[in-house]
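Let's walk through this structure together, one region at a time. Keep the 3D view open as you read.

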Amino acid sequence: MSPTIAQICLTSSHPEVYEPCDDSFSLVDALLADRSKLLEHRPNLCMEIGCGSGYVITSLALMLGGEEDRCGGTYYIATDVNPNAIMVTSKTMEAHGVYAELINTDIASGLEKRLAGLVDVMVVNPPYVPTPEDEVGNGGIVASWAGGENGRTVIDKILLIADKLLSPKGWLYMVTLTANNPMEICVDMSKKGYGSRIVVQRSTEEENLLVIKFWRENDDAGGFGEIHEKRLVNRTGSGKIVKTLLSGLSFWKQND
């Protein structure tokens with residue numbers, strides 16, 4: 001029987017790539033807690049911003065069906081500003097028999113117009129650690145945790161982009177730290193028309209983590225309601241449009 005989530009022993013690594021840790025495990029646990037809803041949600045396009053080792057996007061692909069889903073209608077995109085992370089994620093996904101378009105870019109730079117309103121599930125373990133602003137966006141592994149003032153510099157940028165990319169039924173799962181003032185984040189997203197709830201809360205010796213799920217208020221299924229029957233394939237006229245859009249991203253894909 002295929003595993004439901006990625007196996008650590010098959011997760012690739014690199015000295016300059018953030019390895020799966022408590023925050024990664026918390027995000028995957030949140031997806032597992034929502035797995036039945038995700039399966040009913042039947043997303044056409046899933047995206048991870050900041051894929052790192054590939055542990056999260058690989059786990060999501062396995063939860064939603066694994067390799068057979070590549071032909072079944074769900075497509076996956078993962079981005080990272082660190083080129084080593086793209087290489088590592090590629091190896092992790094290959095080891096688990098799943099696939100995603102991997103794009104070496106900052107958050108979703110270059111993708112905003114192409115993917116606007118198409119992402120049904122977005123997962124993000126952002127750089128959330130409060131640091132000096134001059135550490136934000138530096139190359140290598142530092143970029144995976146340096147979050148600037150209150151750890152919000154990168155988070156706030158991601159939320160702006162997520163609002164553009166999420167589909168009408170889009171869901172966003174994001175890891176936050178109590179220092180990020182998650183309540184303020186939820187209030188700000190509420191003003192943009194999003195509902196939210198904490199899916200997983202976990203305390204470690206060093207930090208208190210919360211994984212928050214956001215959904216557009218016009219989507220009753222985002223919280224606890226019934227799943228809408230209207231699919232992206234109906235909105236666009238054909239599910240093939242997603243595959244067409246993704247095929248145009250090949251020039252961004254990191255070469256092996």
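At 46% relative accessibility, Asn-150 falls in the partly exposed class, because that class lies between the 20% limit for buried and the 50% limit for exposed. Please bear in mind that you are looking at a predicted model. To find Asn-150, go to the loop that links strand E4 (119-124) with helix H6 (153-165). Its backbone deserves a look too: Asn-150 is not a glycine, yet its phi is positive, near 60 degrees. Most residues other than glycine have a negative phi.

Asn-150 has company in this respect. Arg-42, also a non-glycine residue, shows a positive phi of about 50 degrees. You will meet Arg-42 in the loop between helix H2 (35-41) and strand E1 (45-49).

Now let's turn to strand E7, which spans residues 208-216. How many of its nine residues are buried? Nine of the nine are, so the rest of the structure largely encloses this strand. Rotate the view and you can check each face of E7 in turn. One side carries Asn-208, Leu-210, Ile-212, Phe-214 and Arg-216, the other carries Leu-209, Val-211, Lys-213 and Trp-215, and all of these are buried. Both faces of the strand are therefore covered, as under 20% relative accessible area counts as buried.

Which strands does E7 pair with? One is strand E5 (residues 166-177), which runs antiparallel to E7 and is joined to it by seven bridges. Within this pairing, Tyr-173 has Lys-213 of E7 as its bridge partner. Another is strand E6 (residues 194-203), also antiparallel to E7, with nine bridges between the two. Here Val-200 stands opposite Val-211 in E7. E6 and E7 also make a hairpin, with four residues between them.

Our last stop is the largest pocket, whose volume is about 760 Å³. Its lining is made up of 45 residues. Which of them lie nearest the centre of the pocket? They are Asn-125, Pro-127, Ala-143, Ser-144 and Trp-145. Several elements contribute to the lining: helix H1 (22-33), E1, helix H3 (55-63), strand E2 (75-80) and H6 each supply at least two residues. You have already come across two of these, since Arg-42 sits in the loop before E1 and Asn-150 in the loop before H6. In chemical terms, the lining divides into 22 nonpolar, 12 polar and 11 charged residues.

Key:
Residues numbered from 1 in each chain as written. Predicted model: local features only at pLDDT ≥ 70, side-chain atom pairs only at ≥ 80, totals over all residues. Heavy atoms only, no water. Buried < 20%, exposed > 50% of the residue type's maximum accessible area, 1.4 Å probe, protein only. 1 Å grid on protein atoms, 1.4 Å probe; cavity = no way out; pocket = protein on both sides within 12 Å on 5 of 7 lines; lining within 4 Å. Points joined across faces, edges and corners; volume = space filled by probe spheres on them. Nonpolar A, V, L, I, M, F, W, Y, C, P; charged D, E, K, R; others polar. Pairing = 2+ DSSP bridges.
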